[in-house]
Amino acid sequence: MKSILATLVLALIPLTAQASMDPRTPPPRDAHSYANPQSIRVTHVDLDLVVSFEKKTLEGTAMLDVERTVPGTGPLILDSRALRIARIEASVNGRAWVDVKHTLGGNDEILGAPLSIDVPAKVKKVRITYSTSPEASGLQWLEPSMTAGKKSPFLFSQSQAIHARSWIPVQDSPSVRMTYTARLRTPKDLFAVMSAENDANLKGQRDGDYTFRMRQPIPAYLIAIAVGDIAFKPMSKRTGIFAEPSVVESAASEFSDTERMMVVAEKLYGPYRWGRYDILVLPPSFPFGGMENPRVTFATPTVIAGDKSLVSLIAHELAHSWSGNLVTNATWSDLWLNEGFTVYVERRIVEEVYGRDFEQMEAVLGIQILQGDLDRLEDRDESLRLELAGRDPEDSFSQVAYEKGGMFLRHLEEAFGRDRFDRFLRGYFDHFAFRSITTNDFLAYLKANLLDKDPAAAAKVPVEEWVFKAGVPAGAPKPQSDAFVKVEAQARPWLDGKAPVTSIDTKAWTTQEWQHFLKFMPEGLGTARMAELDAAFGLTNRGNSEVAFEWLLLSIRNGYAPADARLEQYLVTIGRRKLIRPLYEELMKTEAGKKRASEIYAKARPGYHPQVVATIDSVLGTGQNR
Ligand SMILES: [Zn+2]
């Protein structure tokens, strides 16, 4: 059953802004959380957990500091999903504890279950003894065979959007910020990383006992954990790589521009406020490109291409240190405030570090994938601000939030001039630092600090249309890539049968030029032409994950059998949703493809992350849920 509660809650929200200028004003209602921060809220979480790879559980206590925002004796309501609650105690002073009653509500398919705790009026701390389910949606427990080293198991979390509740009983709304501390007990030969200060752990030996502290208030979706055979290599004074020992060197050399990216971002948008910036490179089943966990970005190994051609992913995750982690969407309906701003900031960093030509290639590729989503999506999912009541917040993660959001900011930049827009954005990050805001909060700030100051420039940007309407307004920025124009000019004579395949000079092509070339291939290219390309450029054996992806997509479309074994190997070894979902979707378009999809999926499924399993189950129509 879809959530009735969520629908009711949303109906009560006024559409006008509740400008939360004071960080202590009640947060807006969040349709994806049962929590009641409007009356009592969590301000700090202290975790003490045992990590058991045998049982695939985290087990121990979460001690929450709570603060009543309105006086009273009402319950504290937390989010939870498939947690086993053993005991709940409350304390006024943190020394004397009393058992308190709790009620675990019915489980909603999307939201999980509300955990309602009877807390006396003056209570300051609540201690929950619990364990997670082996199927926790926010955790992936990897067998040793699924790691690079093949010897040790690996655990990592992915809490965004609403999966923190599957491993911590907490107010799991991006509108609720909290600090956290943690102590983790792990097998002695493994190392633990969290999105928090890890410094003390780095100095000591591996001993299976690790402590962490996050001093800045963050929403629960940014609490992150990873445990495995993890080594560390510094890249600069404040940046470094966590990864399995066999991956750490290649990752450190691939991402060696990270410090430069930080310097660029700080110059544009103000100081980096999180201390260190490290990157944890995960095993290939990591479901996303990256996750902007504060202080420690979690990243897929599929961007280690050997030539830094895919490191805009790091620029993206780093950009979240401002857009997303510092200023956060208050609800998932406002996701574009995180992702659209981040795409914009990412491109600015990429332009400074790798040049305008490279940035333009990325922008054109971005628009192409946005167009793909616009062709597929219903109108209601094409506005920047979305209505998501009763729906899975995952539905908000389309290229609309990312690329359309980024284009909107680019449009403002073009209308007001780069200098003025840079000053505006820097002021915005300072003004809302460490707060969670709604789309309307942003629009009010935009009006007062940019639009009203120059009505002539403001008239060029249809703000309401960008934010609340489907599609992309006329007059939107149109990135142009000269490099891609040249790629097309090289491809055409061969496609027209006027030149041999060897006339295409690909020697200096970057990953992006290859991507564009393969995307440029017409429908129905045919197996003979596919074979020509393969013979000339060895595309079936390419290791680069993005080039391989485009080639495999073409191979499915054209029924190019020689790439079939590579397709299977790709889908079985990589678990990054963006790189695998479109391949399954393409397979599902023919009867033969459907058969092949289920054969491959049978082998691949045990290695996929639970959230990716849910996605691919639904693509293949085999899922129980969603
Ligand atoms: Zn992002």
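In β2, I40 finds its bridge partner in R68. That contact belongs to the pairing of strand β1 (residues 40-52) with strand β2 (residues 57-68), an antiparallel match that runs over 12 bridges. The model is a predicted one.

Both strands sit in an open sheet of 7 strands, and reading across it gives the order β5-β4-β8-β2-β1-β11-β13, with mixed pairing. The edges are taken by β5 and β13 (209-219), each of which pairs on one side only.

Moving toward the β5 edge, strand β4 (residues 84-91) pairs with strand β8 (residues 125-131), again in the antiparallel sense, over 7 bridges. Here I88 of the pair has I128 in β8 as its bridge partner. β4 also pairs with strand β5 (residues 98-99), antiparallel once more, over 2 bridges. For E89, the bridge partner in β5 is D99. The hairpin of β4 and β5 has 6 residues between the strands, and in this hairpin G94 takes a positive phi near 85 degrees.

Then there is an open sheet of 3 strands, ordered β3-β7-β6, with antiparallel pairing. Its edge strands are β3 (76-80) and β6 (102-104), and each pairs on one side only. On average, neighbouring strands of this sheet are turned by 20 degrees against each other, direction ignored. Within the sheet, β3 and strand β7 (residues 113-117) pair in the antiparallel sense over 5 bridges. One of the residue matches here is S80, whose bridge partner in β7 is A113.

Key: Residues numbered from 1 in each chain as written. Predicted model: local features only at pLDDT ≥ 70, side-chain atom pairs only at ≥ 80, totals over all residues. Pairing = 2+ DSSP bridges. Helix = DSSP H or I, 4+ residues; strand = E, 2+ residues; numbered from the N terminus. Axes fitted to C-alpha atoms, helices over the stretch in contact; angles between N-to-C directions.
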